[in-house]
Amino acid sequence: MDDRGTIERRLLLRAAAAAAALPLAGCDKLSSSDWFRSLLASAEGANLRVQRLLAGRQALAPEYTEAEISPRFRSNGTSEPDDPAYQALARENFASWRLAVDGLVERPTSFSLAELAAMPSRTQITRHDCVEGWSCIGKWTGVRLSALLDTVGLKPNARYIVFHCADSLGGGFEAPASYYESIDLVDAFREQTILAYAMNGAALPIPYGAPLRLRVENQLGYKMAKYVMRVEVVDDLTRIAGGGGGYWEDRGYAWYAGI
Ligand SMILES: Nc1nc2c(c(=O)[nH]1)N[C@H]1C(S)=C(S)[C@@H](COP(=O)(O)O)O[C@H]1N2
Ligand SMILES: [Mo]
């Protein structure tokens, strides 16, 4: 049996080796970005984030063929936000909708759907796994989150990306609360992490998060925020809502829901 110190030393060795190999693995972009260089150089570069990156967080989630796309993709949680401002945007097919990107960024900006669609994109056919035990395969097209973050520029203290949604859940015994989610920079810069505006080759329908939803394919369904209105870059999640980093995390779910 390894003692804890041995495991940590092994992870550090692996971190150093893999960091050296990053450009060869096609991650030039990642390794050349300022935040990543400063991350590797910092004391933190030797801890959690890099360990997780190198201990298996680099692999892509499996991708599927067109023939494997589910004939009917299930919608879960909110299927139509009842927020009046959202409904007004939906009525005009999101023509005046804009995504706000702010927080710890150099250039806070808002983007129209057309502007997002003009940025570097990715299409992927992936399996969505809900924590409730069902899965569906769908095809998603969206702007790469890395491209969006490069456009606004991350400040050196940026640590997490928070997605604020148009809908609230709850009621009954609990006051309604806004849905939100968050991921760290490692997941934000993954190739398959996109803000999707299309599903199965058509504009993203309302039940699946129109006009924009997160796809972070290495995690469970509840991380995939639908109806994203605002992307906020922060250094600390504890100041937002219940402090857990997401609507379901504030109610006990794991923040890192890796699959
Ligand atoms: N804004 C928002 N995002 C959300 C939810 C929600 O209720 N509201 N539900 C989550 C859960 S639990 C799952 S499984 C997926 C469902 O996505 P789908 O409706 O496209 O299947 O969205 C996630 N993102
Ligand atoms: Mo879910």
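Author: Before we start, a nonpolar core is a set of buried Ala, Val, Leu, Ile, Met, Phe, Trp, Tyr and Cys residues joined through side-chain atoms within 4.5 Å. Keep in mind too that this is a predicted model.

Reader: Okay, so which residues have the most contacts inside the largest nonpolar core?

Author: Nonpolar side chains in soluble globular proteins tend to be buried together. Here the largest such core has 47 residues. Helix 5, helix 7, strand 5 (160-171) and strand 10 (228-234) are among the elements that each supply at least two of its residues. The ones with the most contacts inside this core are L99, L116, L145, L148, I161, F163 and L195.

Reader: Which other residues is L116 in contact with, leaving aside its neighbours within four places in sequence?

Author: L116 is one of the residues with the most contacts inside the largest core. Setting those sequence neighbours aside, L116 is in contact with W97, L99, F111, V143, L148, Y197 and L212.

Reader: And how many residues are in the other core?

Author: That core lies apart from the largest one. W134, W140, I194 and L204 are among its members. Its residue count is 10.

Reader: Let's zoom out. What share of the chain's residues is buried?

Author: To count as buried, a residue needs a relative accessible area under 20%. The chain has 8 helices and 10 strands, and its accessible surface comes to about 12300 Å². Of the 259 residues in the chain, the buried share is 49%.

Reader: What percentage of contacts between residues at least 6 apart in sequence join residues at least 24 apart?

Author: A contact here means heavy atoms within 4.5 Å. Look at the chain's contacts between residues at least 6 apart in sequence, and the part that joins residues at least 24 apart is 68%.

Reader: Now for charges. How many salt bridges does a search of the whole structure find?

Author: Side chains of opposite charge can pair when their charged atoms come close. One such pair is R127 with D129, at 2.8 Å from N to O. Searching the whole structure gives a total of 15.

Reader: E63 pairs with R122, so how many residues apart are they?

Author: The closest N and O atoms of E63 and R122 are 2.8 Å apart. E63 sits in the loop between helix 4 (48-54) and helix 5 (84-91), while R122 belongs to strand 3 (residues 121-129). The salt bridge therefore links distant parts of the chain, and the two residues are separated in sequence by 59 residues.

Reader: Which residue is linked with E63 and R122 in a network of salt bridges?

Author: E63 is partly exposed, because its relative accessibility is 36%. R122 counts as buried, because its value is 14%. The residue that joins these two in the network is E191.

Reader: Is D129 buried or exposed?

Author: D129 meets R127 in a salt bridge. R127 is partly exposed, with a relative accessible area of 38%. D129 has a relative accessibility of 9%, so it counts as buried.

Reader: What about the ligand? Which residues come nearest to ligand 1?

Author: There are 22 residues around ligand 1. An oxygen atom of the ligand is 2.9 Å from a polar backbone atom of N76. A polar side-chain atom of D167 lies 2.7 Å from a nitrogen atom of the ligand. The residues that come nearest are R74, N76, T78, D167 and K226.

Reader: How much of ligand 1 does the protein bury?

Author: A backbone N or O atom of P207 lies 3.5 Å from an oxygen atom of ligand 1. Taken alone, the ligand exposes 530 Å². The portion of that area buried by the protein is 98%.

Reader: Is T78 buried or exposed?

Author: T78 is found in the loop between helix 4 and helix 5. Leaving out residues up to four places away in sequence, T78 touches D167, S168, L169, P207, K226 and Y227. Its relative accessibility is 12%, so T78 counts as buried.

Reader: Last one: is A203 buried or exposed?

Author: A203 is in strand 8 (residues 202-203). Apart from residues up to four places away in sequence, A203 touches Y197 and A198. The cut-off for exposed is over 50%. At 62% relative accessibility, A203 therefore counts as exposed.

Definitions and conventions:
Residues are numbered from 1 along each chain as its sequence is written. Chains are lettered from A and ligands numbered from 1 in the order in which they are written. This is a predicted model: local features need pLDDT of at least 70, side-chain atom pairs count only at pLDDT 80 or more; totals for chains, interfaces and linings use all residues. Side-chain values use heavy atoms; hydrogens and water are left out. A salt bridge is a side-chain nitrogen of Lys or Arg within 4 Å of a carboxyl oxygen of Asp or Glu. Helices (H or I, at least four residues) and strands (E, at least two) are DSSP runs, numbered from the N terminus. Buried means under 20% relative accessible area, exposed over 50%, partly exposed in between (1.4 Å probe, protein chains only). Accessible areas come from the Shrake-Rupley method with a 1.4 Å probe; for residues, only the protein chains shown count as cover. A residue is near a molecule or strand if one of its heavy atoms lies within 4 Å of it. A polar contact is a pair of N or O atoms within 3.5 Å; within protein, one must be able to donate a hydrogen and the other to accept it, and residues adjacent in sequence count only if both atoms are side-chain atoms.
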